[in-house]
Amino acid sequence: MPELPEVENVRLSLLPLIQGKTITAIGTNWEKILTGGLAHFQQTLVGHTVTGLDRRGKYLLFRFDHGVTMVSHLRMEGKYQVVPYPTVPFGRFAHVWFTFSDDSQLRYHDMRKFGRMQLIATGQEHTVSGLASLGPEPTPAQFDLAAFAAKLKARKAPIKSVLLDQTVVAGVGNIYADETLWQARVNPQQPACTLKKTEIAALHDAIIAVLAQSIQLGGTSVHTFVDATGARGGFQDRLHVYERQGEPCDRCGTAIVKIKVGQRGTHYCPKCQPLRKRVIR
């Protein structure tokens with residue numbers, strides 16, 4: 001599933017391709033992707049112009065000139081592409097398309113058909129399920145250390161599972177949870193409420209730094225991720241533990257191991273990230 005750096009790179013690459021363009025037609029061959037149905041999208045968006053494209057967590061927010069926002073979640077395999085129409089034939093997994101007045105077309109591809117799009121009044125995005133309880137963005141300005149520490153102290157679950165909870169911090173998924181825990185030298189099984197102040201601070205800073213670096217490098221393309229221009233990310237070349245089981249740790253040379261935490265594949269260094277005695281008080 002695309003995580004925050006990947007979605008941000010989709011936004012960055014897609015914005016210049018669609019901003020200022022006016023929709024003349026909308027089509028789909030899998031209407032479930034469109035919350036409210038195709039007719040609702042056609043009645044609301046045809047004749048209107050894209051004014052911007054924002055992001056909140058893993059959600060894309062398409063802004064229109066009449067105070068409407070289209071909230072889009074890519075889920076597992078969603079991808080956007082802008083092509084000349086009708087020059088480029090439809091691919092097998094193209095399920096929603098927006099035709100613009102310049103005869104270009106924004107196409108949404110989704111092999112699993114899990115993605116969803118929803119229309120909402122601009123400024124009311126926070127009422128959308130998934131966005132309503134979303135945690136802070138992982139930036140120095142929004143990700144408060146004291147608030148983060150308070151959330152961790154209230155949770156007995158393994159810290160890896162807590163990081164995947166989008167109400168704690170927005171946008172961290174499986175890849176970046178493993179990578180930030182390695183950076184902070186925290187064992188993924190360590191109960192969140194037992195982390196020391198120094199560990200919490202190190203983890204807080206690692207989340208900000210790792211996600212920022214991944215955004216700069218175009219995201220992580222370990223599986224199928226590409227941005228709106230078809231470009232792969234570069235952060236997969238900087239991974240220290242994710243999908244590196246059996247390889248030597250970049251810090252100490254110990255073999256990286258893979259376990260399950262909360263039913264999720266989890267990678268860590270047993271020497272750099274030792275599990276302390278699980279004392280929960």
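**Exercise 1. Burial of a threonine**

Decide whether Thr-194 is buried or exposed in this predicted model, and describe where Thr-194 lies and which side chain joins it in a polar contact.

*Solution.* Begin with the accessible area, since Thr-194 has a relative accessible area of 14%. A residue counts as buried when this value is under 20%, and therefore Thr-194 is buried. Next, place the residue along the chain: Thr-194 lies in the loop between helix 5 and helix 6, the latter spanning 197–216. Finally, look at the side chain of Thr-194, which is joined to the side chain of Gln-190 by a polar contact of 2.8 Å.

**Exercise 2. Two arginines with positive phi**

Find what the backbone angle phi is for Arg-75 and for Arg-185, and then classify each residue by its accessibility.

*Solution.* Take Arg-75 to start with, which is found in the loop between strand 4 (68–73) and strand 5. Its phi is near 50 degrees, and this is a positive value in a residue other than glycine. The relative accessibility of Arg-75 is 34%, and because the partly exposed class runs between 20% and 50%, Arg-75 counts as partly exposed.

Now turn to Arg-185, which is found in the loop between helix 5 and helix 6. Phi of Arg-185 is near 60 degrees, again a positive value in a residue that is not glycine. With a relative accessible area of 46%, Arg-185 is partly exposed.

**Exercise 3. A peptide bond and a pair of alanines**

State which form the peptide bond from Tyr-85 to Pro-86 takes, and work out where Ala-202 lies with respect to Ala-184.

*Solution.* For the peptide bond, read the omega angle: from Tyr-85 to Pro-86 omega is near 5 degrees, and the bond is cis. Pro-86 itself is found in the loop between strand 5 and strand 6, where strand 6 covers 94–100.

For the alanines, note that Ala-202 is found in helix 6 and is partly exposed, with a relative accessible area of 31%. Along the sequence, Ala-202 and Ala-184 are 18 residues apart, while in space their C-alpha atoms are 5.1 Å apart.

**Exercise 4. The two largest pockets**

Describe the largest pocket and the second largest pocket by their volume, their lining residues and the elements that supply them.

*Solution.* The largest pocket holds about 500 Å³ of space. Its lining consists of 27 residues, and those nearest its centre are Met-1, Pro-2, Met-76, Ile-175 and His-223. Helix 1 (4–18), strand 5 (79–84) and helix 5 (174–184) each supply at least two residues of this lining. Sorted by class, the lining has twelve nonpolar, eight polar and seven charged residues.

The second largest pocket holds about 190 Å³ of space. It is lined by 14 residues, and Lys-79, Tyr-80, Gln-81, His-109 and Val-226 are the closest to its centre. Strand 5 gives the most to this lining, namely three residues. Its classes come to five nonpolar, five polar and four charged residues.

**Exercise 5. A space closed off inside**

Find how many cavities of 30 Å³ or more there are, and say which residues line the largest cavity.

*Solution.* The count comes to one cavity of 30 Å³ or more, and about 50 Å³ of space lies in the largest cavity. The residues that line it are Ile-18, Ile-23, Val-50, Phe-62, Phe-64, Met-70, Phe-98, Phe-100 and Leu-106. Strand 3 (59–64) and strand 6 are the elements that give two or more residues to this lining. When the lining is sorted by class, it has nine nonpolar residues, with no polar and no charged ones.

**Exercise 6. The chain as a whole**

Explain why the protein chain is as compact as a globular protein of its length.

*Solution.* Start with the elements, as the secondary structure of the chain comes to six helices and ten strands. The radius of gyration is 20 Å, close to the 19 Å that the globule rule gives for 281 residues, so the chain is as compact as a globular protein of that length. The C-alpha atoms fill a box of roughly 60 × 35 × 30 Å along the principal axes. Of the 281 residues, 51% count as buried. Lastly, among the contacts with a separation of 6 or more, 63% are accounted for by residues 24 or more positions apart.

Notes
Residues numbered from 1 in each chain as written. Predicted model: local features only at pLDDT ≥ 70, side-chain atom pairs only at ≥ 80, totals over all residues. Heavy atoms only, no water. 1 Å grid on protein atoms, 1.4 Å probe; cavity = no way out; pocket = protein on both sides within 12 Å on 5 of 7 lines; lining within 4 Å. Points joined across faces, edges and corners; volume = space filled by probe spheres on them. Helix = DSSP H or I, 4+ residues; strand = E, 2+ residues; numbered from the N terminus. Nonpolar A, V, L, I, M, F, W, Y, C, P; charged D, E, K, R; others polar. Buried < 20%, exposed > 50% of the residue type's maximum accessible area, 1.4 Å probe, protein only. Polar contact = N/O pair within 3.5 Å; in protein donor to acceptor, adjacent residues only side chain to side chain. Rg over C-alpha atoms; globule rule 2.2 N^0.38 Å. Contact = heavy atoms within 4.5 Å.
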